[in-house]
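Here's a quick walk through one protein model and its ligand. Have the viewer open and follow along.

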Amino acid sequence: MNLNILVLPGDGIGPEVTREAVRVLNRVADKWGHSVSLTEALLGGIAIHKTGNPMPEVTARLALAADATLMGAVGLPEFDDAPPEKRPERGLLGIRKILGVFANLRPVRAYASLIESSPLKNHLVEGTDMIIVRELTGGIYYGTPRGISGVGAEERAVNTMTYTRAEIERVSRMAFHLAQARRKKVTSVDKSNVLENSQLWRRVVIEVSAEFPDVALEHILVDNCAMQLVLNPRRFDVVLTENMFGDILSDEGAVLAGSIGMLPSASIGGRRPSGAWTGLYEPVHGSAPDIAGQNKANPLGAIGSVAAMLDYSFGLKEEAAAVNRAMETVLNSGRVTADLRPAGRPSTTEEVGEAVAAAL
Ligand code: IPM
Ligand code: MN
């Protein structure tokens, strides 16, 4: 198979972790006889510095032409005071929207060898295995009206949380389909005791659930969900939620996995102009400018995102499973980066990438 992939290294630790993810991808291609065509483009802060635009037009065009896109991270401190439309993050929101990848899948697993890396008590964390399905191209991130207007005491900021029935239906179906192949339980997260937006969300999720009689559905309010995630994480199988709630809850999930550097993600559901499916694969972590360029960052979130790409974009299940197994082998061997607080000397980003490639 020929894998035609766009790489967007982005900012901060993005280039370091994507380099290791590409190393693993090339190893898979060698071993299973696939060919990889890699193209690289600018996104985020680096794109603003080089072109003035967080998502240059050529980047959008290349993403639409690729079979799949691998992204590192975006965000740089020098843009902290910039308005949203001039920030690196806008590039990422733009690429998600242009690819139409409405479902962001964020698996959260507590690996046995990382139990000690979580600050939570072992008996709470053990056995955690959930996937957060975060709606990715709607909600308050994209809703209009938005903006800041007025002056003095009357200065006012507005954002709009908006969802259509169709947007809720398609991401819900994705969650129920995933649940059918897992423990057959969907937990839908909302704030329906306060927000009309959540009332529609809950109503539509219930309607969609009728198509999946073999899957159990429960509803939970987002504040309670935040608590249950650390009190009783094993109760969750598939967690279905809107864009901003999913952003917040998935960072909390990182505490269960031992480090946010562990979490991969797959953003799927989009189609290209040709009608072919596309996907965007990105670790959950940010650009971590404080450790950028130091060969310290954990590449496993990015490498896990390659495994997800092989699975969801190319249907290469065997290869994807092999990457996941290789990651586990490396975790069990204790060769992990500093964020996972290893007993011995922490490994570098590059050493972890090489170890995963070698385990393959
Ligand atoms: C994430 C990130 C992004 C988001 C930022 C960088 C725009 O936090 O992917 O979780 O909020 O979606
Ligand atoms: Mn986030």
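## The opening β-α-β unit

Start at the N-terminal end: β1, helix α1 (residues 14-32) and β2 form a β-α-β unit, and its hand is right. Bear in mind throughout that you're looking at a predicted model.

Strand β1 covers residues 2-10, and 7 of those 9 residues are buried, so call the strand mostly covered, with buried meaning under 20% relative accessible area. As for its partners, β1 pairs with β2 (residues 35-40) in the parallel sense, over 6 bridges. If you want one pair to click on, Ile-5 has Leu-38 in β2 as its bridge partner.

β1 also pairs with strand β3 (residues 68-73): the two run parallel and are joined by 5 bridges. Here the pair to look up is Gly-10, which stands opposite Ala-73 in β3.

## Around ligand 1

Which residues surround ligand 1? The list is Glu-89, Arg-96, Arg-106, Arg-134, Tyr-141 and Asp-247.

Three of these side chains come with distances to ligand oxygens. Tyr-141 puts a polar side-chain atom 2.6 Å from an oxygen atom of ligand 1. For Arg-134, a polar side-chain atom sits 2.8 Å from an oxygen atom of the ligand. With Arg-106, the distance from a side-chain N or O atom to an oxygen atom of ligand 1 is 2.9 Å. As for cover, ligand 1 taken alone exposes 320 Å², and the protein buries 81% of that.

## Asn-298, a loop residue

Now jump along the chain to Asn-298, found in the loop between β12 (277-281) and α10 (300-312). Is Asn-298 buried or exposed? Its relative accessible area is 4%, and the cut-off for buried is under 20%, so Asn-298 counts as buried.

What does its side chain reach? One target is the backbone nitrogen of Leu-300, at 2.9 Å. The Asn-298 side chain also makes a polar contact with the side chain of Asp-339, at 3.0 Å.

For the wider surroundings, set aside the neighbours within four places in sequence. Asn-298 is then in contact with Val-17, Ser-259, Gly-261, Met-262, His-285, Thr-337, Asp-339 and Leu-340. Val-17 on that list takes you back to the β-α-β unit, as helix α1 spans residues 14-32. Asp-339 turns up both in this contact list and as the side-chain polar partner of Asn-298.

Key. Residues numbered from 1 in each chain as written. Chains lettered and ligands numbered in written order. Predicted model: local features only at pLDDT ≥ 70, side-chain atom pairs only at ≥ 80, totals over all residues. Heavy atoms only, no water. Buried < 20%, exposed > 50% of the residue type's maximum accessible area, 1.4 Å probe, protein only. Helix = DSSP H or I, 4+ residues; strand = E, 2+ residues; numbered from the N terminus. Pairing = 2+ DSSP bridges. Right-handed = clockwise from strand over helix to strand, strands pointing away. Near = heavy atom within 4 Å. Polar contact = N/O pair within 3.5 Å; in protein donor to acceptor, adjacent residues only side chain to side chain. Areas by Shrake-Rupley, 256 points an atom, 1.4 Å probe, with all protein chains shown as cover. Contact = heavy atoms within 4.5 Å.
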